[in-house]
Amino acid sequence: MQKLKNIKDFLNEDDGMGTVEVILIIVVLVGLVIIFKGRITEIVERLFDKISSQTDSI
């Protein structure tokens with residue numbers, strides 16, 4: 001009887017849902033980075049250029 005209860009408890013357990021959700025979010029974020037890689041690179045380069053030009057004036 002105890003084994004049957006353990007099997008039911010195992011099947012009803014949903015601890016893995018959080019892991020699946022996190023993995024799906026990571027996959028979506030990686031996909032967005034791949035799609036917009038060029039645009040992200042331009043923005044980062046502009047930011048670093050601006051930072052370095054402003055530090056030169058200090």
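Reader: Hi! What pattern does the protein follow along the sequence?
Author: Reading along the sequence of this predicted model, you get α-α-α. The protein has 3 helices and 0 strands, where helices (H or I, at least four residues) and strands (E, at least two) are DSSP runs numbered from the N terminus.

Reader: Thanks! Where is confidence lowest, and where is it highest?
Author: Helix α1 (residues 2-12) is lowest, at a mean of 76, and α3 is highest, at 91. These are pLDDT values, the predictor's confidence in each residue from 0 to 100. The protein averages 85, and 90% of the residues score at least 70.

Reader: And how many salt bridges are there?
Author: The count is 1 salt bridge, meaning a side-chain nitrogen of Lys or Arg within 4 Å of a carboxyl oxygen of Asp or Glu. The side chains of glutamate 42 and arginine 39 form it, at 3.3 Å from N to O.

Reader: Where do glutamate 42 and arginine 39 lie?
Author: Both are in helix α3 (residues 37-56), 3 residues apart, about one turn of the helix.

Reader: Is glutamate 42 buried or exposed, and what about arginine 39?
Author: Glutamate 42 is partly exposed, at 42% relative accessible area, and arginine 39 is partly exposed too, at 45%. Buried is under 20%, exposed over 50%, and partly exposed in between (1.4 Å probe, protein chains only).

Reader: What share of the protein is buried?
Author: Buried residues make up 0% of the 58 residues.

Reader: Anything to know about the numbers?
Author: Residues are numbered from 1 along each chain as its sequence is written, and side-chain values use heavy atoms, leaving out hydrogens and water. Local features need pLDDT of at least 70, side-chain atom pairs count only at pLDDT 80 or more, and totals for chains, interfaces and linings use all residues.
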